[in-house]
Amino acid sequence: MGKPEIAKLGHVAIVTSDLEKSLWFFREVIGLEETEEIDGVHYLRAWGDFQHHTLSLEQGESGYLKHIGWRTKNKEDVQQFKQLLEEEGVDVTYLPKGATPGIGEAIRFKLPSLHTFELYYDVERPPVAEHRRSVLKNQTYKSWAKGVSPRRFDHVNIHTSTEVDQTYDFLLEKLGFKLREYLVNEEGNTIAGWMSVTPLVHDVAVLSKPNLPTPARLHHISYWSDDTQDILRAADILKENGIQFIGPGKHGISQAMYLYVMDPGSGCRVELFTGGYLIFEPDWEPVKWTMEERSLGNTYWGDSVQDKELNNITIEAK
């Protein structure tokens with residue numbers, strides 16, 4: 001029996017201090033579809049997402065990230081990961097089917113960075129009401145129904161002030177991620193890594209930030225659109241709704257087009273994302289960036305994300 005594997009990024013669970021504002025932002029402005037609401041938790045997904053949800057929102061005293069969910073490649077992988085992690089001394093919590101709506105049995109544990117990951121395999125694909133359903137059998141909802149209308153959930157970016165080297169090692173050695181691009185400081189230490197389990201340049205980015213108010217933070221979640229015109233259209237929609245944003249621009253790292261905007265309810269940053277490149281080479285060598293090259297890697301062209309007040313905001317991960 002081989003090592004267990006993670007197939008893809010699944011979902012994020014966000015607590016918001018103003019649920020009404022967050023629902024307006026994600027449903028009407030970003031244009032996500034609501035699958036259902038259970039006990040005050042709202043489950044949403046983009047029109048091209050297939051599983052039950054890629055984002056959950058619930059009311060709380062403050063905005064924070066509860067956990068990040070990942071789907072494994074096989075059903076057996078969930079229990080294999082549980083055994084592997086427990087043998088390494090990691091505290092693992094088992095969750096029976098239904099503990100998180102829309103997914104089967106799962107496990108949760110903390111990275112050395114103190115972010116909580118959830119792993120599962122079984123998923124529900126809820127039927128869509130006829131008036132919202134796409135005529136395309138390979139698509140969930142009608143595209144462009146409202147708002148920005150991104151196609152799918154893409155990646156997450158997390159920050160930590162603790163154990164960053166151990167976090168990179170944990171993701172690589174225990175969970176099977178691959179390092180695609182990385183940034184080193186003047187001493188040669190890795191302070192940012194873009195990592196994936198798919199051909200994407202990153203399913204998760206992990207950055208070292210020594211002066212954070214709490215050790216584990218969420219910098220942003222990202223939704224993917226098909227092309228650059230979608231990002232320009234998103235800028236118009238955000239402007240019409242009086243919402244501040246950074247971009248559009250193009251990253252050097254990932255080579256993708258970006259636009260950053262904040263959920264006014266939770267403080268969660270959303271990156272609207274397109275372009276970039278895919279990695280199919282089995283012998284890919286991670287691309288190294290230095291501090292001198294940082295601005296080129298972060299902003300190849302366009303509205304810079306460096307030293308902007310909006311870019312320095314993160315929310316806590318618990």
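This passage walks through the aromatic contacts, a central strand pairing, one helix and some unusual backbone positions of a predicted model.

Aromatic rings are a good place to start. A pair of aromatic rings is described by the distance of the centres and the angle of the planes. In this model, 9 aromatic pairs are found. One of them joins Trp70 and Phe117, whose ring centres lie 5.4 Å apart with 45° between the planes, a tilted arrangement. Trp70 belongs to strand β5 (residues 64-72) and Phe117 to strand β8 (residues 116-120), so this pair ties together parts of the chain that are 47 residues apart in sequence. Both partners can be checked for exposure: Trp70 is buried, with a relative accessible area of 0%, and Phe117 is likewise buried at 0%. A further tilted pair is made by Phe153 and Tyr223, with 5.2 Å from centre to centre and 40° between the planes. This pair, too, links distant parts of the chain, since Phe153 sits in strand β9 (residues 152-160) and Tyr223 in strand β13 (residues 216-224), 70 residues apart. Phe153 and Tyr223 are both buried.

Trp70 and Phe117 also appear in a wider grouping, as one aromatic cluster is formed by Trp70, Phe109, Phe117, Phe170 and Phe177. Rings in this model take part in contacts with charges as well. The charged end of Arg71 is placed over the ring of Tyr121, at 4.5 Å from the ring centre. In a similar way, Lys318 holds its charged end over the ring of Tyr64, 4.1 Å from the centre.

Attention now turns to strand β12 (residues 204-208). Of its 5 residues, 4 are buried, so the strand is largely enclosed by the rest of the structure. Strand β12 has β9 as a parallel partner, and 5 bridges join the two. Within this pairing, Ile158 stands opposite Val206 of β12. Strand β12 also pairs with strand β11 (residues 190-196), here in the antiparallel sense and over 4 bridges. Met195 has Val204 of β12 as its bridge partner. Strand β9 thereby connects two parts of this account: it contributes Phe153 to the aromatic pair with Tyr223, and it runs parallel to β12.

Helix α2 (residues 76-87) offers a simple check on geometry. With 12 residues at 1.5 Å a residue, the helix should span 16 Å, and its end C-alpha atoms are 17 Å apart, which agrees. The buried residues of α2 are Asp77, Val78, Gln80, Phe81, Lys82 and Leu85. These buried residues pack against a set of neighbours made up of β1 (6-16), β5, β6 (93-95), β7 (106-110), β8 and α3 (164-174). Among those neighbours, β5 and β8 are the strands that hold Trp70 and Phe117. Just after the helix comes Gly89, with a positive phi of about 85°.

Some backbone positions deserve a closer look. Most residues other than glycine have a negative phi, and most peptide bonds are trans. Against that background, the bond between Gly247 and Pro248 is a cis peptide bond, with omega of about 0°. Pro248 is located in strand β14 (residues 245-250). The loop between β14 and β15 (256-262) contains Ser254, which has a positive phi of about 85° although it is not a glycine. Gln255 is in that loop between β14 and β15 too, and its phi is near 60°, again positive in a residue other than glycine. The two residues can be set side by side in terms of exposure: Ser254 is buried, with a relative accessible area of 3%, whereas Gln255 is partly exposed, with a relative accessible area of 44%.

The last stop is Thr140, in the loop between β8 and β9. Despite this loop position, Thr140 is buried, with a relative accessible area of 10%. Its side chain reaches the backbone oxygen of Asp49 at 2.8 Å. Leaving aside residues up to four places away in sequence, Thr140 touches Arg45, Trp47, Gly48, Asp49, Phe50, Val128, Arg133 and Ser134. Asp49 thus features both in this set of contacts and as the residue whose backbone oxygen is reached by the side chain of Thr140.

Key
Residues numbered from 1 in each chain as written. Predicted model: local features only at pLDDT ≥ 70, side-chain atom pairs only at ≥ 80, totals over all residues. Heavy atoms only, no water. Phe/Tyr/Trp six-rings, centres within 6.5 Å; stacked < 30°, edge-to-face > 60°. Buried < 20%, exposed > 50% of the residue type's maximum accessible area, 1.4 Å probe, protein only. Lys NZ or Arg CZ within 6 Å of the ring centre and 35° of its normal. Pairing = 2+ DSSP bridges. Expected span 1.5 Å × (residues − 1). Contact = heavy atoms within 4.5 Å. Polar contact = N/O pair within 3.5 Å; in protein donor to acceptor, adjacent residues only side chain to side chain.
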